[in-house]
Structure formats: structure tokens, C-alpha cells
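Here are some short exercises for getting to know a new structure. Have a look at the sequence and the model, try each task, and then read the worked solution.

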Amino acid sequence: MDSMLDNLSKTEFISICVRDPRHHKDDLWHTHVDYEICLHTNSMCFRKKISCVRRRYSEFVWLRHCLERNALIIEMPKLPPWNPFFSLRNTEQVAQRMKGLQEFLESVLHMPLLLSDSRLHLFLQSDLSLTKIEKCALGKTRYTVAEAIQRSSSSYISRLEDKASCDSDCESISSSSGFGQSVDSAMRGSPLPFF
């Protein structure tokens, strides 16, 4: 049994890459940069083996705060510091921040305790907003964590949300397993396998 686990740990990998910074103009005075996060893995911890999402620095700050609240006993990796003089036009500053974000994610992904947080999985493998990530992780959506990840970038989640707005008096009966997914009792017969 031990040799089987040793072989599995030797062959399992999680590769993360933060790249392709893009400038976005929010309005006349405000702009921000988001980064593409690409994950490639054969780990059983992840639903999708290859995924890419876009996130901005403030979303990384949110993720770190969530993980820190959940994992009080371990020291969290640091994010690159917020810089009041950060310039979107300064390619060196953008590259340094991008490198720091990648180092943060690499450190997080090497901490088994953090890999059980469904918000981390939704952050890395779905295009949900932070508000929707939080609701999904708490089981307060019509879709499970597994469905949100599997079907990200599709109209499936939007259709479920539209249906939810039609019957707003109805609440989803869900629970979070605490192991990277929420299980919606109405979805147990779903063709999607769970972890």
C-alpha cells in the first residue's frame, strides 16, 4: 500500500502559470490589469485537468484572505505587496507582480490543507465572480462546485441562475462537504461524477 502511494505521489503533478497581463479600462479614471491563470495537472484533487481563467490582483487578495481564515494553523504564503505607485504602463512592475502571483499560487498548491478549500478550486478553474464563488462554496446556488468548474465559460451556469431568479421563493437545499465541493441534493442523479 505504501509503495502504491509513493508511486502516485511521484507521478502526480500540478503546474500553474500566471501570464498574459491585459489592461482594462473601467471608466474614464479607473483601469486594472488581469492575468491569465493556466492550470495543468493530473492530480485527483482537481476536477478539470487543464483550465485557464482570468483574475485580477484584488481577487488574489480576496483568495488569500479566504484561505487564511480557513487555515489558521499554517502560515500563508505572501502576495506581492500592493504598491500605491503601481503603473499599468510599467512592464517591469507588471512582470514582477505576475511573477509574485505565480509564486503565491505555487506555494498554495503545495499545501494539502488548502487544496480542500472549494473556493480555491472555483478561483482557479471557473470564471465565476467572487460573490458567486462564495455562494457556490456555501451551497447557496443551483449548481454544485463540480458543475461550476466543469461547465465554466458556458451558458449552463447562466441558465441555472436565470431559473433561480424565476422561482426566488425556492431555496436550494445544499451542503458543503468541506472537501472541495458542495453537494446539491437535487443534483445527485447528475451525469457528472463527483470526487
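**Exercise 1.** Which residues in α4 meet which residues in α5?

*Solution.* Keep in mind that you are looking at a predicted model.
- Step 1: start on the α4 side, where Ser118, Arg119, Leu122 and Phe123 take part.
- Step 2: turn to α5, which brings Ile133, Glu134, Cys136 and Ala137 to the contact.
- Step 3: sort the residues of this contact by class, which gives five nonpolar, one polar and two charged.

**Exercise 2.** Describe how α4 and α5 are placed relative to each other.

*Solution.*
- Step 1: the axes of α4 and α5 lie 9 Å apart, and the packing angle is about 140°.
- Step 2: that angle makes α4 oblique to α5.
- Step 3: the handedness of the α4 and α5 crossing is right-handed.

**Exercise 3.** Find out how helix α2 (residues 57-70) packs with helix α4 (residues 118-125).

*Solution.*
- Step 1: take the geometry, an angle of about 160° with the axes 10 Å apart.
- Step 2: an angle over 145 degrees counts as roughly antiparallel, so α2 is roughly antiparallel to α4.
- Step 3: look at the sense of the crossing, which is left-handed where α2 passes α4.
- Step 4: list the partners. From α2 come Glu59, Phe60, Trp62, Leu63, Cys66, Leu67, Arg69 and Asn70, and they meet Arg119, Leu120 and Phe123 of α4.
- Step 5: by class, the contact of α2 with α4 holds seven nonpolar residues, one polar and three charged.

**Exercise 4.** Now treat α2 and helix α3 (residues 91-109) in the same manner.

*Solution.*
- Step 1: the two axes come within 12 Å and cross at roughly 25°.
- Step 2: angles under 35 degrees count as roughly parallel, and α2 and α3 are therefore roughly parallel to each other.
- Step 3: the crossing of α2 and α3 is left-handed.
- Step 4: on the α2 side you find Tyr57, Phe60, Leu63, Arg64 and Leu67, which meet Arg97, Leu101, Phe104, Leu105 and Val108 in α3.
- Step 5: the residues of the contact of α2 with α3 comprise eight nonpolar, no polar and two charged.

**Exercise 5.** Work out the layout of the sheet, and then place the helices on it.

*Solution.*
- Step 1: strand β1 (residues 14-25) pairs with strand β2 (residues 31-41) in the antiparallel sense, over ten bridges. Within this pairing, arginine 22 has aspartate 34 in β2 as its bridge partner.
- Step 2: a hairpin of five residues links β1 to β2.
- Step 3: the open sheet has three strands in the order β1-β2-β3, and the pairing is antiparallel.
- Step 4: β1 and β3 (50-56) stand at the edges with a single partner strand each, so one side of each has no neighbour in the sheet.
- Step 5: from one strand to the next, the twist averages 20°.
- Step 6: add the helices. α2 lies across β2 and β3, at about 105° to β3, while α3 lies across β1 and β2, at about 145° to β1.

**Exercise 6.** Where in the chain is confidence lowest, and where is it highest?

*Solution.*
- Step 1: begin with the whole chain, whose mean pLDDT is 78, with 73% of its residues at 70 or more.
- Step 2: the lowest confidence belongs to strand β4 (residues 174-176), with a mean of 32. The highest is in helix α5 (residues 130-137), at 97.
- Step 3: check residues 154-195, where pLDDT stays under 50 and the model has 70 contacts beyond four places in sequence.

Conventions: Residues are numbered from 1 along each chain as its sequence is written. This is a predicted model: local features need pLDDT of at least 70, side-chain atom pairs count only at pLDDT 80 or more; totals for chains, interfaces and linings use all residues. Side-chain values use heavy atoms; hydrogens and water are left out. pLDDT is the predictor's confidence in each residue, from 0 to 100. Helices (H or I, at least four residues) and strands (E, at least two) are DSSP runs, numbered from the N terminus. Contact means heavy atoms within 4.5 Å. Axes are lines fitted to C-alpha atoms, for helices over the stretch in contact, and angles run from 0 to 180 degrees between N-to-C directions. Angles under 35 degrees count as roughly parallel, over 145 as roughly antiparallel, 65 to 115 as roughly perpendicular and the rest as oblique. A crossing is left-handed if the near helix is turned anticlockwise from the far one by less than a right angle, and right-handed if clockwise. Ala, Val, Leu, Ile, Met, Phe, Trp, Tyr, Cys and Pro count as nonpolar, Asp, Glu, Lys and Arg as charged, and the others, Gly among them, as polar. Two strands pair if DSSP finds at least two bridges between them.
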